[in-house]
Every structure is written in structure tokens, then in C-alpha cells.
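Please look through the structure shown here before reading on. The report that follows takes up its metal sites, its domains and one pair of helices in turn.

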Amino acid sequence: MRILLPDDTALELPDGATGLDAAAAIGPRLAAATAAVKVNGELRDLRLPLADGDRLQVLRVGDDEALPVLRHSTAHVLAEAARHLFPGVKVAFGPPIDNGFYYDFEFPEPITDADLERLEAEMRRILAAGEWAFVRSEVPRAEARARFEAEGEVYKVEAIDRLPADVPISFYRQGDFVDLCRGPHLQTSKPIKAFRLQSLAGAYWLGDSSRPQLTRVYGTAFWKPADLEAHLHRIEEAKRRDHRRLGPELGLFTFSDVAAGTAFWLPNGTRIFNQLVGLSREMCDAHGYTEVKTPQLYDAELWKTSGHWFKYRDHMFVTEAEGRPMGLKPMNCPGHAQLFKLQRWSYRDLPQRYSEPGLLHRNELSGALHGLLRVRHFVQDDAHIFCTPEQALDEAKGCLDMAFETYAQFGIETTVELSTRPPERMGDDAQWDEAEALLARALDDKGLVYAVNEGDGAFYGPKIDLHMTDSLGRSWQLGTVQMDFQLPERFDLTYTGADNGEHRVVMLHRALFGSYERFIGILLEDTGGDLPLWLAPDQVLVLPIADRHESYVEEVVGRLRTAGLRARADLRGESVGKKIAEAESSKVPVMLVVGDREQETGQVSVRRHGRRDLGAHDLAGLIRDLRAEVGERRVPV
Ligand SMILES: [Zn+2]
Ligand SMILES: [Zn+2]
């Protein structure tokens, strides 16, 4: 048979040859280094036979694409260690996952974090005792079943019973451990070196809460110790930057059970919030939007017209007044549509762009709430554009321009996705075709590279989603631009055209931060709380060296405030060293220290957060520089 290699050369092999045979035909060194193969683009075990015409890519030990194979093989060694340490343990499933692997067990007694260390030590002992081959075999179903039944491995027995009759039953053995497994696995245990067991969690068998609860052991493995260390460091760093921790630590916001899913904004957090709302207003002014205010609570009739009462009611907070059902708004769109409808419009009036920092409520399950990232109460930097069909393309492009201008203020790089029609949706296919094509055209015209996210659009229309990747490599969704032909139909929104006839408007929805709450959460996780000067709640802290400098400190603070900078004095009776250390940990961007010399010369000693002493500066010059930095919303590089 002929196998095709990635460079399009063909390899002649005898019938029944495996991926490993193919690697050996290329060279013995490659065969020794083979971790797995990709056949026609799919990761596969190197022991399986190839077929004539297959496209083959050999993955070596050390290849990123073969990491799941390393992790899966490490999970098997974990199961072997568990068998050694906990006689009577029952094993369930142990697959690789993003960034690691897990294995589910039913232990005879509950285990603790200390047992994780024992398990890891036993894994190391097993691996040090020899280079174990992973041996694959196919076994008749009845024989496989009998084997696990005899061992009391009830989960493996059930797993066999759940496999469709035409799926061959394969075993992988290493050392004294045999697992029912599809693979793929490494050739031997030799490359398993850099691994770590990380945590324990409960997990129901088959994810079914009516079935036994098992213990899930999470771990990870990498080809190189340095990669493992870097990964563990990233996890630590993510914990340190967790916005749920930074919020209270920096005095920004806090949460209470009396209002689950809703932040209490402290003064410093409120300042950040207001800065972002201010930025949005400024951008909206520049881009021809007008701000509006619409009601919070609406009669159910409005939600029936919009369709939310049928498609979105589970996520709404519903109440009643004088016997009439009412709903708190989960989105601003129906309110804006209603507002638009209250007036008659000519084509000359369009587009109309309504913006509103709208307070929204969504009834999220308490288990799904997560700090500021998943809340029940939030403010969206929302806007809706009502335009003619001819204007829709330019309006979509205008939204993209505004999005990129906004993100640039934070030094954020974005990636773009086009989300298309979901299975459950309003409107006919012709409308969806048109709306999807229009958004795609806007992206193409802007020269943007984008991925298509099939089926992930809103129920009323397709959308462009804008994502950022943060400093730890995590992806977050930020803004969205959505095209909507449905709400204008449902609300019967029209304008009078040049032909004097009534025409249907097109509606665009857009939010760039998403919600202010969520954006602040992401910003904190990205920066670890080191906000740019323009956004920092306290911009400048002024510290006297001794009591006799207090009046000069007050004078400096006064001049900073007059210049529009958020400044305060720290006049507590603590040492200057301690005050500086505290200011560093509260991440105030600028510290000014004043003593005799500064007082005499009208200067200040400047320290920038995270940098060292920048020396004495003339106060007037410094104020000019800081104002420029704030005015340009400069991002530290
Ligand atoms: Zn397995
Ligand atoms: Zn909307």
C-alpha cells in the first residue's frame, strides 16, 4: 500500500503495516522517537494498521501535538500507583484534558491531599524501577468482561457494556496494570518524567448525580521539566491575579450573600467604573451616538413582542404589579426598540445610534456565578443602531473601528470570531444568509482575519465577537457586534424612504466592554491590579519625611488636585519606609516623597510603582507630564 507523508512523498509499505512500521521505514531513529501518529489529521495510536492512501504524520516525543498521549499514559501510571497503594480501589476513566489529565477512582476510604503526594511518590517509584512498555491487545468482549468482573472493577464492566457492539475492546498493559482503553499511548514509560498531581475533586460516574460519586485526581505532564515549571508558575500567577482576591485586597469591590451575583463597589472601584463609563461616553460622542435612558422594569407585553418572554424568560427576574406580569430587563434592546418606535422617522434621520450604560439583571444560577465575570446585576456599555439596509454595512464597520480604538486605550490585542445561526432561532434562512454575509463583508472590508464559530449566534441574529488574550495566555470575550433583522420586524420599526413608502429598519447591537463589571474583572486578571495611570483610583500619593513637612505635603496635594489628578496625602505616624511599602502593595502608580530639600526648592522626589526612585522633579513639570499621561490614556510599555 501507499502512504502519503506531509511533504506529499509516498511511502510503499506491506499491507497491515502500522504507524510505527511506517516510522521505522523512514528511519530507526524516528521509530524510536515516535510518540503517536496522525492519520488523515486525526491523532491515532502508532500500533494501529494503516490503510492504502492514508495521509500520515509522525509525532515525536517532545511534539506539542502528542502531549495528550503523554498525559494519557501518565494517567495510566497514576492508576497503577493507586492500585498499589489502595487495595480494593476501583478505577473508572482517566482521559487527557486541556493542560493535563485526570483519573476517576472509587477509593475504599476517602483520600486527602497528603495521599496525592504518596500517589506521586509511588508513580516515581514505578517509573524509576524500569522502562515499561505500553502493550496494546484486542480482546474478545466476553473475555474482557470476565476479567474485570473477577477483579471487581464494576466501572470497567459497565464501560464495556456501554460500548457499541462493533467497537473492538482494546487493553493497554504496562507493568502489572491493565486498563480497558482506546489509547493512544506512548511506546514506553521512558518519556514520562515531568509530571505533577495537582488536586482532588468529586465527580459522578458518567456525570450522573444519581450514580456513585467518585474521586477525581487531576494532574499534568509535560515533555520537559522546564515546561512543567512554567505551567505551574502560570497557575500560581493566575491565583495571585484572581480578581476575586484583588478586588477586596485593593479596596475595589466586595460581595455579600445578601445580594448574590452583585458587586458592592467600594469608593476606589467606583472610580475605576466611572472612568470606564466616561471613556465610553467620550467615544460615543466622537462616533455620533446619543445617550438615552430607558426603563428598568417592563410589562410582559414588551417581552412578548421582543420574544424574550418565550426564549429567555428563565434568565429573567419576573415580578408583577396590579396583577400584571412584569420583567426586569436582561437586555436593553427591546427598550431601545420601543423608544425608537415612539417617533416617526424619515430616511434623512437615519442612522440613529442610541447608547446607554444600561443596568441589566439576569437570573444566573448561584452555582454559575463567578466574581465579576458571571453576575446577576451588571451595566453594559450597550448601544443600538437603527439604520436603512443600505447603511448597515458601514454601521457594522463603524462599530469595529470604535471597538479597536477603544481596546487600543488599554493596549489590548484582539482576535475576531463570526458566530453564525444557532439551531434555535427566529427568522427565515434568507434573512440569516443576508445578515451573516453582511457581517462577513464588514470583516473582510476591514482586512480582519477571523474564525467562524458555527451555530453560536444570538437567537435574533449573527454576531462578531471580539476576544483578547491576556498576559497569561488566557482568552476572554470582550465586545460583540450583532446584526438583527428580527426585532425591527417584531416591533414593526419603519422609516419613510425617499419614495415616500414605509420601509423596515435594520438594527445593530453592540457592546465593546461587554459589561463594565466583567471588563474590570478581566483587566485586573490581565494586569494583576497594576492599572495605567489614567484608570488608577488613587493616582498620586504624597508622603512627608517628617511632621514638619506636612503643610508642604498639603500644598502639593492641593496643586495636584487643582490640576485634575487624583491625589492624597499619607499623614499617618508611620515610617516613610513602611508607607512606601504599603503604597507599593496598594499599587498607587506615583509616590511623591518630600523632606527639607524638596520643601526648600519646591521640588518632589518621585517614585513610580514597580520602578525605583526616579529622583527629584520640579513639581510644575511633573504635573504637566502626569496630565499628559492621563490625557492620552497612555498605557505603560
Ligand atoms: Zn486510558
Ligand atoms: Zn441589544
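## The zinc ion of ligand 1

In this predicted model, the zinc ion (ligand 1) has three protein donors, H72 through its NE2 atom, H76 through NE2 and C181 through SG, and these lie 2.1 to 2.3 Å from the ion. Along the chain the donors of this zinc ion (ligand 1) follow the spacing H-x3-H-x104-C. Because H76 belongs to helix α3 (residues 67-85) while C181 sits in the loop between β11 (177-180) and β12 (194-204), the pair ties together parts that are 105 residues apart in sequence.

Two of these donors can also be described by their accessibility, for which buried means under 20% relative accessible area. H76 has a relative accessible area of 1% and is therefore buried, and C181, at 9% relative accessibility, counts as buried as well.

## The zinc ion of ligand 2

For the zinc ion (ligand 2), the protein donors are C333 (SG), H384 (NE2) and H509 (ND1), which lie 2.0 to 2.3 Å from the ion. Their spacing along the chain reads C-x50-H-x124-H. Within this set, C333 in helix α12 (residues 333-341) and H509 in strand β28 (residues 506-515) are 176 residues apart, and the pair links distant parts of the chain.

Are C333 and H509 buried or exposed? With a relative accessibility of 4%, C333 counts as buried, and H509, with a value of 5%, is likewise counted as buried.

## Domains

The domain assignment divides the protein chain into domain 1 (2-60), domain 2 (66-223), domain 3 (253-294 + 329-527) and domain 4 (540-631). Between domain 1 and domain 3, the C-alpha centres are 48 Å apart.

## Helices α3 and α4

Helix α3, which carries H76, also meets helix α4 (residues 113-128), and the axes of the two helices come within 9 Å and cross at roughly 110°. Since angles of 65 to 115 degrees count as roughly perpendicular, α3 and α4 are described as roughly perpendicular to each other.

Which residues of α3 and α4 meet? On the side of α3 they are T74, V77, L78, E80, A81, A82, H84 and L85, and on the side of α4 they are R118, L119, E122, M123, R125, I126 and L127. Sorted by class, this contact of α3 with α4 comprises nine nonpolar, two polar and four charged residues.

Methods:
Residues numbered from 1 in each chain as written. Chains lettered and ligands numbered in written order. Predicted model: local features only at pLDDT ≥ 70, side-chain atom pairs only at ≥ 80, totals over all residues. Heavy atoms only, no water. Donors = N, O, S within 2.8 Å, 3.2 Å for Na, K, Ca; no water. Helix = DSSP H or I, 4+ residues; strand = E, 2+ residues; numbered from the N terminus. Buried < 20%, exposed > 50% of the residue type's maximum accessible area, 1.4 Å probe, protein only. Domains from an automatic or database assignment. Axes fitted to C-alpha atoms, helices over the stretch in contact; angles between N-to-C directions. Parallel < 35°, antiparallel > 145°, perpendicular 65-115°, else oblique. Contact = heavy atoms within 4.5 Å. Nonpolar A, V, L, I, M, F, W, Y, C, P; charged D, E, K, R; others polar.
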